[in-house]
Amino acid sequence: MIDKINRIKEEAGRFKAATQAELEEFRLKYLSKKGQLNALFDEFKTVAAEQKREAGQKLNELKNLLNETFERCRATLDGETTSEQDNDLTRPGESIPTGSRHPISITRNEICGIFSRLGFTIAEGPEIEDDWHVFSALNFPKDHPARDMQDTFFVTKDPDVVLRTHTSSVQVRVMETTRPPIRMIMPGRVFRNEAVSARAHCIFHQVEGLYVAENVSFADMKQTLMFFTKEMFGEKSQIRLRPSFFPFTEPSAEMDVSCTCGGKGCSLCKGTGWLEIMGCGMVDPNVLDNCGINSKKYSGYAFGMGIERIAFLKFQIKDIRMYFENDVRFLKQFAAAL
Ligand code: DAH
């Protein structure tokens, strides 16, 4: 009997079904009621007691082999994958559609890349801030409108905890913990209590810059910002600095970049030929002293730009709300700009 079992085992081990008919033949021959397996089980009853153990074991092995062979061939003919196929590492993979970076991330990375090449390092700070870092250390007077609930989101009043209204708060954190020379850029998300429109949103992004060392001048700032502009918008672009006011810089300026329309009049620059992209200035000595940096010895410049505005120019985007709508038809247009 054991010989018989071994012979069938060998035969069945080599079996492959090319058609359903061949598979059916296999089933009838071995697995059906009148098939060879059942016949062997009948024969098993007559096996001498001392051989029962070995014969029983072999018979069970054969039964498993026949059933597995049948199932495997059936799955292959039905087009199912078998475990053997699953292990085939040369099979072509299933493709997963890749997304693309958000235009804000693309623009932020480009800004950070340009300043990194000038030796600036990147710092980040918290989005939920205290009054000191957002306002007081930056020389904001007690009655400044930015300290009003109309303009700023308050988390708690007394003590005042707010959602930061600008990334200038990170300047303070950096100056409190780092000694000059300091060369840093600080990208991040900021929040203002604004009515949402095509030009304004209550959430937006800024990149802050800070340079503090000995004998830093306004000319150093202008040169750095000119380099940045040409890297970002092309060799032909120009900058213009207009006097302005910020509590934390003295003197302060707003920087415009020349519009690609060349002043012929487009909806972005409204025919002026210039677009405002950032605020900047020499760090007010009070701010340096507030952060424990000796303003008699050190000076510095700072700047802050809105990433959304720069991405407007870069990608000709017309409505700030599109950045936050998560519409894939909008988002996938920037895949090539990575
Ligand atoms: N924090 C200012 C804002 O949000 C932008 C700014 C202006 C940042 C001048 C600066 C700066 O660092 O020097 O409007």
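This briefing describes the pocket, the ligand, the cavity and some backbone features of the structure shown above. The model is predicted, and the values below are computed from its atoms. Its largest pocket has a volume of about 930 Å³, and the ligand sits in this pocket. A search of the whole structure also finds one cavity of 30 Å³ or more.

**The largest pocket**

- The largest pocket, with its volume of about 930 Å³, is lined by 38 residues, and those that lie nearest its centre are Thr165, Arg192, Phe204, Gln206 and Phe246.
- Two helices appear among the elements that give two or more residues to this lining, namely helix 8 (168-177) and helix 11 (307-315).
- The strands that likewise give two or more residues to the lining of the largest pocket are strand 6 (203-213), strand 7 (239-246), strand 8 (249-258), strand 9 (274-283) and strand 10 (299-306).
- Strand 9 gives the most to the lining of the largest pocket, and its contribution is six residues.
- When the lining residues of the largest pocket are sorted by class, 16 are nonpolar, 13 are polar and nine are charged.

**The ligand and its surroundings**

- The ligand, which sits in the largest pocket, has a shell to which helix 8, strand 6, strand 9 and strand 10 each give two or more residues.
- The ligand is surrounded by 15 residues, of which His166, Ser168, Arg192, Gln206 and Glu208 are the closest.
- Sorted by class, the shell around the ligand holds five nonpolar residues, eight polar residues and two charged residues.
- Two of the residues closest to the ligand, Arg192 and Gln206, are also named among the residues nearest the centre of the largest pocket.

**Polar atoms beside the ligand**

- Gln206 has a polar side-chain atom that lies 3.0 Å from an oxygen atom of the ligand.
- Ala302 takes part through its backbone, since one of its N or O backbone atoms lies 3.1 Å from an oxygen atom of the ligand.
- Phe303 also places a polar backbone atom beside the ligand, at 3.3 Å from an oxygen atom.
- The ligand on its own has 360 Å² of accessible area, and the protein covers 89% of that area.

**The largest cavity**

- The largest cavity holds about 30 Å³ of space, and its lining consists of Arg199, Leu268, Leu275, Glu276, Ile277, Arg309, Phe312 and Leu313.
- Strand 9 and helix 11 each supply at least two residues of the lining of the largest cavity, and both elements also give two or more residues to the lining of the largest pocket.
- By class, the lining of the largest cavity has five nonpolar residues and three charged residues, while it has no polar residues.

**Backbone features**

- The peptide bond that runs from Pro180 to Pro181 is cis, with omega near 0 degrees, and Pro181 belongs to the loop between helix 8 and strand 5 (182-191).
- A cis peptide bond, again with omega near 0 degrees, runs from Glu250 to Pro251, and Pro251 lies in strand 8.
- Lys270 has a phi near 55 degrees, which is a positive value in a residue other than glycine, and Lys270 is found in the loop between strand 8 and strand 9.

Notes. Residues numbered from 1 in each chain as written. Predicted model: local features only at pLDDT ≥ 70, side-chain atom pairs only at ≥ 80, totals over all residues. Heavy atoms only, no water. 1 Å grid on protein atoms, 1.4 Å probe; cavity = no way out; pocket = protein on both sides within 12 Å on 5 of 7 lines; lining within 4 Å. Points joined across faces, edges and corners; volume = space filled by probe spheres on them. Helix = DSSP H or I, 4+ residues; strand = E, 2+ residues; numbered from the N terminus. Nonpolar A, V, L, I, M, F, W, Y, C, P; charged D, E, K, R; others polar. Near = heavy atom within 4 Å. Polar contact = N/O pair within 3.5 Å; in protein donor to acceptor, adjacent residues only side chain to side chain. Areas by Shrake-Rupley, 256 points an atom, 1.4 Å probe, with all protein chains shown as cover. Sits in = over half its atoms within 2 Å of the grid points.
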